[in-house]
Amino acid sequence: MDSIRNICIIAHVDHGKTTLVDFMLRQAGTFKQHQAVEDRVMDSMDLERERGITIMAKNTSLIYGDTKINIVDTPGHSDFGGEVERIIGMADGALLLVDAAEGPLPQTRFVLQKALRQGLKIILVINKVDRKECEGGQRIKEVIDQAFDLFIELGASDEQADFAIVYACAREGWCTLNFDDIPAMVSKEKTGTLEPLFKLILDRVPSPKILEGNDFKLLVSNLSYSDYVGRLAVGRVNCGLVKQGDRLTRIGKNNTKEGFNVSSLMTFQGLQQVAVAELKAGDIGLIAGIEDIEIGDTVSNNPDTVPLPRIEVEQPTLGMLFSVNNSPYSGQDGEPLQSRKLRDRLLREVRQNVALRFEETSQPDVFRVLGRGELQFSILIEQMRREGKEFMVGRPTVLFTKGDDGQMLEPFERVHLDLPSTATGGVTSLFQERKAVMLSYDAQTLSNRVRLVFEIPTRGLLGVRSKYLSATRGEGLMSTEFSGYKPFKGDIVHRVNGAIVADRNGDVTEYALRNLEDRGIYFLQPGIKVYEGMIVGESNKDAELNVNIVREKKLTNMRASHLEALVHLQGVRAMTLEDCIEWIDEDEWIEVTPKTIRMRKKVLACNQRSVHRSDRLAENRG
Ligand SMILES: Nc1nc2c(ncn2[C@@H]2O[C@H](COP(=O)(O)OP(=O)(O)OP(=O)(O)O)[C@@H](O)[C@H]2O)c(=O)[nH]1
Ligand SMILES: [Mg+2]
């Protein structure tokens, strides 16, 4: 196979990338006849399937005619933008998907900007043309105009701005180059396939650029692992050729060098990785033979070669503390990670994920992970939890920097909201309370929705998601984009209400819950084991409340207790990991075990903690 095309698929979250890859693989005959293939087969991680989103960029390939098309599917959620940044160098072209009804959204801009800078040839795929909003074609035309404006605004070269457009319904596996054909294809009078898209890829995307020189060079863009051959470095061969058994050198950060023998070479074929005897310039493949290798390293047969430029990704804006679990019930559900193991586990993650950083803190059993968003952290936590580990995490905090004149700067975000117009008032005050400034207001009269854009300190965004969803009764959409560091905007109240905290160890009783019912909302049911300092609910007031939640009723009247069991408990709210991350304050921890998620005060003993919120905040600042 001499002819190769390397493309990546990029878009805002949910615009249909993984679905499109499914049909491309199917129609290229990648799967055996009658082979049962799941939907969105590239979303192979458990967490991806459960959440219906892509988290990690993944490679695949298909054969079309005489050409091998290497494809990288990428995540569209902004928290995983680092995945797009790291893989983009493997491709020469990109399919930019844009939802035909939603149009370009913040992450469309982010990924397009990265692709243009890298000089990729772009094909615009207007996807989901079957959506009701697109009837009549007017909306599709608007979306194309918006996409074109975006190309210009981002400084596309003339050649890049002369992009081809494909209209697609990825979910049904067809596309067309002809705008006028859309209605007939949506109504199924005409049928189609992805054939026009395949042709366009061969036509428009250039063959892989091959660097001059005789040295073999590959830039490590991803890491993988196989039970048979161990650690695998994934990348595109920029020049030269490598064979099984060759002696190579890894050139790492600060020009560190380490030699190794190639124990195995592979390429992607459909969903598999298959062994090959050699890898040629232009192809994307995997190299085994070295355990300690990092994304961004260059692998070459010449130890003295000039390494390829390391992959640069945007800096993290958020930090989260990870601590050894020192809670009273530590070790009852899983493996409590001791300091060294926790450190190793986090370091391993950071090596595989270029968008994360690792920092020591002044405490030997607490570490800080730096990243891009709350979802990114919660995915890491969830993964570690599924490995059977126990540990604690703190509230995400933003990373401040200092300006040239010594002024304190903090990260800001542009947040794009799309919501029912009836919720506009509530949502506007929710964001303004958090120091957001409205940049635009756009009423969509047909659908009774509005689109609002705010600029807001990243601090103000933390914990806003669930409040936004309840203000819009679950019908609000929200996406964000980092807009840079600006002067500190002053204090933002994160959570007005105090916590309700257990004042002793024991099992929660229904009797106690009922007696305390009017004091706030509770996060747990009768029968759950609690300890002193564990958070059991949210108080109605701003002061903190220590309660005896394990009190037993003296059984004097059997009839009354029988009746009681029939009354449903009011005000119990189950908290997911993400809810907890949004909810907690800086003097609190989330205790994560394979079986449960608990929240607790950092200081457990009631008599060593102030219940006044102002004191708590002051302590934290100090
Ligand atoms: N109506 C319609 N829905 C589609 C089409 N293509 C995809 N979808 C739906 O859009 C949703 C998101 O699809 P995905 O393929 O997971 O989107 P994605 O871009 O890979 O999402 P992330 O990787 O999480 O950013 C799914 O529910 C799909 O069924 C289409 O052509 N028309
Ligand atoms: Mg996807």
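## Ring contacts, cysteines and a cavity

Lys486 sits over the face of the Phe412 ring, 5.8 Å from the ring centre, in what is a predicted model. A second lysine, Lys602, is placed over the face of Trp589, and here the separation from the ring centre is 4.5 Å.

| Lysine | Ring beneath | Distance to ring centre |
|---|---|---|
| Lys486 | Phe412 | 5.8 Å |
| Lys602 | Trp589 | 4.5 Å |

Contacts between rings are also present, and the structure contains twelve aromatic pairs. One of them joins Tyr64 and Phe198, whose ring centres lie 4.9 Å apart with 20° between the planes; since planes under 30 degrees apart count as stacked, the pair is classed as stacked. Its two members come from distant parts of the chain, Tyr64 belonging to strand β2 (residues 58-64) and Phe198 to helix α8 (residues 195-204), with these positions 134 residues apart in the numbering. Both Tyr64 and Phe198 are buried.

Another pair, formed by Tyr167 and Phe179, is edge-to-face, with 5.6 Å from centre to centre and an angle of 70° between the planes. Because Tyr167 is in strand β6 (residues 164-169) while Phe179 is in the loop between β7 (174-176) and α7 (182-186), this pair ties together parts that are twelve residues apart in sequence. Tyr167 has a relative accessible area of 7%, and is therefore buried. Elsewhere, ring pairs connect Phe148, Phe151 and Phe163 into a cluster.

Turning to the cysteines, a search of the whole structure returns zero disulfides. What separates Cys580 from a bonding partner? The closest cysteine sulfur to that of Cys580 belongs to Cys606 and is 20 Å away, which is too far for a bond, given that a disulfide requires sulfur atoms within 2.5 Å. Cys580 is itself buried, its relative accessible area being 2%, and Cys239 likewise counts as buried at 2% relative accessibility.

The structure has one cavity of 30 Å³ or more, and the space within the largest cavity comes to about 40 Å³. Its lining is made up of Leu223, Arg231, Glu291, Ile293, Arg348, Arg351 and Gln352. Helix α9 (residues 339-352) supplies the largest share of this lining, namely three residues. By character, the lining residues of the largest cavity comprise four charged, two nonpolar and one polar.

Terms used:
Residues numbered from 1 in each chain as written. Chains lettered and ligands numbered in written order. Predicted model: local features only at pLDDT ≥ 70, side-chain atom pairs only at ≥ 80, totals over all residues. Heavy atoms only, no water. Phe/Tyr/Trp six-rings, centres within 6.5 Å; stacked < 30°, edge-to-face > 60°. Helix = DSSP H or I, 4+ residues; strand = E, 2+ residues; numbered from the N terminus. Buried < 20%, exposed > 50% of the residue type's maximum accessible area, 1.4 Å probe, protein only. Lys NZ or Arg CZ within 6 Å of the ring centre and 35° of its normal. 1 Å grid on protein atoms, 1.4 Å probe; cavity = no way out; pocket = protein on both sides within 12 Å on 5 of 7 lines; lining within 4 Å. Points joined across faces, edges and corners; volume = space filled by probe spheres on them. Nonpolar A, V, L, I, M, F, W, Y, C, P; charged D, E, K, R; others polar.
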